[in-house]
Amino acid sequence: MPAFFAPSMARLIEELSKLPGIGPKSAQRLALHLVKGAEEDVRSLAEALMDAKTTVQHCSICSNLTDSDPCEICGDGSRREDLVCVVEDPSDVVAMERTRDYDGLYHVLHGLISPMDGVGPDELRVKNLLDRLREDEVQEVILATDPTVEGEATAMYLARLLRPLGVKVTRIARGLPEGGDLDYADEATLSRALRGRYSVDSG
Amino acid sequence: MMQLQKLTLKNYRSYESLDLQPDRHVNVLVGRNAAGKTNLLESIHYLAAGRSHRTHRDAELVRWGEQGFFISAIACAGTVRHTIECAYDDSRGKSFRLNGVAQKRLSNVIGTVNAVIFSPDDLYLIKGGPEGRRALMDTEIGQISRGYRRALARYSRVLAQRNDILKKISRSRSSGVTAELMSAPWEEQLADIGARIVAVRLVMLRRWGECAQRMYERVVDSQETLTVRYKCSFSALDGSLELSLPDLREWVREKLSGALEEARPREIERGYTLVGPQRDDLQVCVNGRDARRFASQGQQRSAILALRIGEVKWMQQETGRKPLLLLDDVMSELDAARARRLSTSVGAEGQTFITCTDLSEVDLGDTGAIWEIRDGEVTGPVK
Ligand SMILES: Nc1ncnc2c1ncn2[C@@H]1O[C@H](COP(=O)(O)OP(=O)(O)O)[C@@H](O)[C@H]1O
Ligand SMILES: [Mg+2]
Ligand SMILES: [Zn+2]
């Protein structure tokens, strides 16, 4: 399909269609929309892309995405520092924050264990979680990965790994729809899940 | 009762387009060989099971020379009316709508329509490999339990992940500790979800087996016995018979978990999982002996008939309504007396679709419609 477009357009369409959730048709629609619009709009978008890419970094404490290190949450000072909630990715932090029920810290793994996709613990931010637990004053780790099979496996793996460190490890309760994504769960469900967390000591 | 009020097909197999408003009781589809009778039953069953009973390749169902097919139906389950639509397209795959709303998960759609199909190909249930019998259990239970469908989907995902790990461990010869830490989360889930699956199958089999046994006595032969046994790949089942579902689940979980641990060295060597519901099977016995090896052709056919009617009765017990009955060329295989007993056992209050090549095979009674099928076109009702 792109072969019928001018080469510059074809390139844009191809770049856009690499994005998750964007098929060739949507990519084409977006590309046409962009070149039709005002030049300032396009420039502003391009700058925003580059700006985000060059400014955003991983927080050296929790690995969440941030413009300044440490991130706002880790640097807050008024939050409980003895409580760490482990999540899959930054959108889960946003979902948790929306509940307004949680005032501890986070740790973002940036993925879940999935052998078929070549993702093991080494591909995730697991090592710096361990370092953090050894050094800091953390009393409880809440495993809040999705209830998918990969989310469960990641939680079970971490529970075993953390056991020797002597911190309390809990798993948020299954108030969540089975197989559902954490960030789609409504806030009420998430709050309930958080309050109903249980301790993972066997396994 | 389950009732199909309207069926629409577009480019499905030999049908370019079809609009059918079936009779609420008996529908006889009469036509020569290759007229399109089985295709029609297949399309109805497709909406119930989410797949064809003849092939797992949806592309084969597309009318030759076209790019996709469409099936839709208006079905009543008791007093609730549902519109269910399925569209398949060569490039986009299949998608379902329920009452006009697109459904992301197939598991939300399956079970809206319940149907049981009797097919001349059913002999595979006795003579074929274990996959067919597992698929029978899974589609049967799957039609009535969303939890079971989810469990199956989760199980196969965990299984694939664990098999991947087993391969990697065997290739890299990683140390026992790392291997243990990596595979334990998947094993724990295999045992947990696998136990749910097996426990539900066992409970289903008790009830289904009872129904089938009764039907065998009533329709086929009152002197012989028909039994269905679960062949578990990882444990003897003695001691499980009296347990309720939750206890049974726990009982199976312990057995499976132990079996996984025991099999692990061999599994690492081979690179895949050797025990679990994906390796289990059913055994059909006539007079206590394996029907596959010891039953005559006639006994095998009768056993299958009883199993299918048992399936109908079981499904009716579970859902509180009679599933659609799709009888494909069944009557011609039975002698007159058995055909009559079959009609009275299953017919009566449910909605039935019966195919035949000759009307003399079917005793229609007072109610019902006859449809003539020729080259993918349906005319009628003739009566
Ligand atoms: N994908 C398809 N497209 C068009 N025709 C098909 C397709 N699949 C099967 N057929 C035709 O359907 C006929 C078989 O229909 P079927 O319903 O099995 O016959 P019967 O009435 O004997 O049950 C065959 O003649 C075959 O040519
Ligand atoms: Mg046929
Ligand atoms: Zn941080």
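Trainee: Which residue in β5(B) stands opposite C76(B)?

Mentor: This is a predicted model, and the pairing is read from its atoms. Strand β4 (residues 68-77) of chain B is joined to strand β5 (residues 80-89) of chain B by 10 bridges, and the two run antiparallel. Across from C76(B), in β5(B), stands R81(B).

Trainee: In what order do the 6 strands of the open sheet in chain B lie?

Mentor: The pairing in this sheet is antiparallel. β2 (15-20) and β7 (101-103) of chain B each have a single partner strand, so one side of each lacks a neighbour in the sheet and they stand at the edges. From one strand to the next, the twist averages 20°. Read from edge to edge, the order is β2-β1-β4-β5-β6-β7.

Trainee: Which helix of chain B packs on that sheet, and what angle does its direction make with that of β1(B)?

Mentor: The helix touches β1 (2-12), β2, β4, β5 and β6 (93-98) of chain B. The helix is α1 (residues 37-49), and the angle between its direction and that of β1(B) is about 115°.

Trainee: Which strands stand at the edges of the sheet formed by 3 strands in chain B?

Mentor: The order in this open sheet is β9-β10-β11, with antiparallel pairing. Strand β10 (residues 281-286) pairs with β11(B) over 2 bridges, and C285(B) has D290(B) as its bridge partner. An edge strand has a single partner, so one of its sides has no neighbour in the sheet; here the edge strands are β9 (226-231) and β11 (289-290).

Trainee: Are L324(B), L325(B), L326(B) and L327(B) in strand β12 of chain B buried or exposed?

Mentor: L324(B) and L326(B) point one way from strand β12 (residues 324-327), while L325(B) and L327(B) point the other way. Strand β12(B) pairs in the parallel sense with strand β8 (residues 115-118) over 4 bridges, and with strand β13 (residues 352-356) over 3 bridges. F118(B) stands opposite L327(B), and the bridge partner of L326(B) in β13(B) is F353(B). Whichever way they point, all four leucines are buried.

Trainee: What is the geometry of the site of the zinc ion (ligand 3)?

Mentor: The protein donors are the SG atoms of C59(A), C62(A), C71(A) and C74(A), lying 2.2 to 2.4 Å from the ion. In sequence these residues are spaced C-x2-C-x8-C-x2-C. Four donors count as tetrahedral if all angles lie between 85 and 135 degrees. The angles among the 4 donor atoms are 103 to 114°, and the site is tetrahedral.

Trainee: Why does C62(A) count as buried?

Mentor: Buried means under 20% relative accessible area. C71(A), another of the zinc donors, is buried at 5%. C62(A) is buried because its relative accessible area is 2%.

Trainee: Does E210(B) count as buried or exposed?

Mentor: E210(B) is found in helix α5 (residues 176-220) of chain B. Its C-alpha lies 9.0 Å from that of W314(B), although the two residues are 104 apart in sequence. The cut-off for exposed is over 50%. E210(B) has 52% relative accessibility, so this residue counts as exposed.

Trainee: Which three residues supply 31% of the area that chain B buries against chain A?

Mentor: The contact takes 19 residues from chain B and 21 residues from chain A. About 1,700 Å² is buried between the chains, and carbon and sulfur atoms give 60% of this area. On the chain B side, more comes from these three than from any other three residues: R154(B), L181(B) and E188(B).

Conventions
Residues are numbered from 1 along each chain as its sequence is written. Chains are lettered from A and ligands numbered from 1 in the order in which they are written. This is a predicted model: local features need pLDDT of at least 70, side-chain atom pairs count only at pLDDT 80 or more; totals for chains, interfaces and linings use all residues. Side-chain values use heavy atoms; hydrogens and water are left out. Two strands pair if DSSP finds at least two bridges between them. Axes are lines fitted to C-alpha atoms, for helices over the stretch in contact, and angles run from 0 to 180 degrees between N-to-C directions. Contact means heavy atoms within 4.5 Å. Donors are N, O and S atoms within 2.8 Å of the metal (3.2 Å for Na, K and Ca); water is not among the atoms, so sites may look incomplete. Four donors count as tetrahedral if all angles lie between 85 and 135 degrees; four count as square planar and six as octahedral if opposite donors are over 155 degrees apart and all others between 65 and 115; anything else is irregular. Buried means under 20% relative accessible area, exposed over 50%, partly exposed in between (1.4 Å probe, protein chains only). Buried area is the accessible area (1.4 Å probe) that two parts lose on being put together, summed over both.
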